[in-house]
Amino acid sequence: MLLVHRTALRRCGPIPIKSCLPIVIRAYHSTPPSHQKIKDPRLTDLGTLIEDDFAAIREQYQAPKHPIILAHGLLGFDELHPAGNLLPGVQYWRGITEALEAKGIEVMTASVPPSGSIEVRSERLAERIERMAGGKSVNIIAGLDARHMISRVNPPNVKVLSLTTIATPHRGSAFADYIFSLIGTSNIPKLYKALDFFGIETGAFGQLTESYMRDSFNPRTPDVSGVRYYSYGAAFQPQFTSVFRRSHRIVQQEEGPNDGLVSVASSRWGTYKGTLNHVSHLDLINWTNRLRWYFFELTGHKRNFNAIAFYLNIADMLAKEGL
């Protein structure tokens, strides 16, 4: 579903990729304050524009009848311990699972190989859901691996009612194509060999290109009748200091409005619920810098997006759909 920006990872130097995430978080600068918000006219052609519907948590949310499965995207994790047992772990879905449970919503998280191929991740996802759900029907919030699992793996003891994808590159990402063009065809095997030396799987990287999704994945991964597919996209205008500035420009030139890594156009799949405006890729999993938002509030700038409110609203939407 969600990607981590490689430019930020390069800043970490030669240390293992799993130790880089705190640096990625510190380097990240997300949504600009309200006086810097710029509307892209092309967004009006890409579904409902969601401005501040999820700025604050409401008192009441309905709980769906069936459990929600949260599954991370590329380079995601369940809980990361970069400092071993010296410091508390970093949760990928920080605050989101607790908020859902507090509203009486049954939620489970499924961890899959961070950079394994879609096929490998989908097999692992099926195993996790079979074990956790115990035969219950489920609603999944995930990405391409869940689409593949539903369409191709079809595990016998898993009944999927719906799949909601958020800023998922269903049609690939121009930034992935750009990175591969920089590396060069002859150097890709060398890079993969180096990553393999550090124990980093590489199957997912080539599957993020536009050509792979268009010519291979999508034609052989049809939607399944009886499963409801929902999707959201996101778009923002990065500040000068944003780690997404370069990737945003590249995707903007090729695909249009985007969240720094995935375009709105690529995010659309099934019933498109709308475009989260002024929201970046990392905002979507509640990794927005709280200190910066506190400063913005002190200076009179309204926060327009709260990831916890967003996921609670998805649960509410599923409940109202009878799921």
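**Note on the predicted model: the sheet and helix α9**

1. At 40% relative accessibility, R246 counts as partly exposed, a class lying between buried (under 20% relative accessible area) and exposed (over 50%), computed with a 1.4 Å probe and protein chains only. R246 lies in helix α9; helices (H or I, at least four residues) and strands (E, at least two) are DSSP runs numbered from the N terminus.

2. The model is a predicted one, in which local features need pLDDT of at least 70 and side-chain atom pairs count only at pLDDT 80 or more, while totals for chains, interfaces and linings use all residues. Residues are numbered from 1 along each chain as its sequence is written, and side-chain values use heavy atoms, with hydrogens and water left out.

3. Not counting residues up to four places away in sequence, R246 touches Y178 and L182, contact meaning heavy atoms within 4.5 Å. The side chains of R246 and Y178 are joined by a polar contact of 2.3 Å. Such a contact is a pair of N or O atoms within 3.5 Å; within protein, one must be able to donate a hydrogen and the other to accept it, and residues adjacent in sequence count only if both atoms are side-chain atoms. From R246 to F175 the C-alpha distance is 9.3 Å, across 71 residues of sequence.

4. H248 also lies in helix α9, which spans residues 245–255. H248 counts as buried because its relative accessibility is 5%. Apart from neighbours within four places in sequence, the contacts of H248 are F236, Q237, P238, N258 and G260.

5. The chain has 12 helices and 9 strands. An open sheet of 7 strands, with parallel pairing, follows the order β1-β9-β8-β7-β6-β2-β5; two strands pair if DSSP finds at least two bridges between them. Its edge strands, each pairing on one side only, are β1 (49–50) and β5 (107–110).

6. Within this sheet, β7 (residues 159–166) and β8 (residues 228–235) run parallel and are joined by 5 bridges. T164 stands opposite Y230 in β8. Helix α12 (residues 307–320) packs on the sheet, touching β2, β6, β7, β8 and β9, and its direction makes about 145° with that of β7. Helix α5 (residues 144–153) lies across β6, β7 and β8, at about 150° to β7. Axes are lines fitted to C-alpha atoms, for helices over the stretch in contact, and angles run from 0 to 180 degrees between N-to-C directions.

7. For the chain as a whole, buried residues make up 55% of the 323 residues. Of contacts between residues at least 6 apart in sequence, 76% join residues at least 24 apart.
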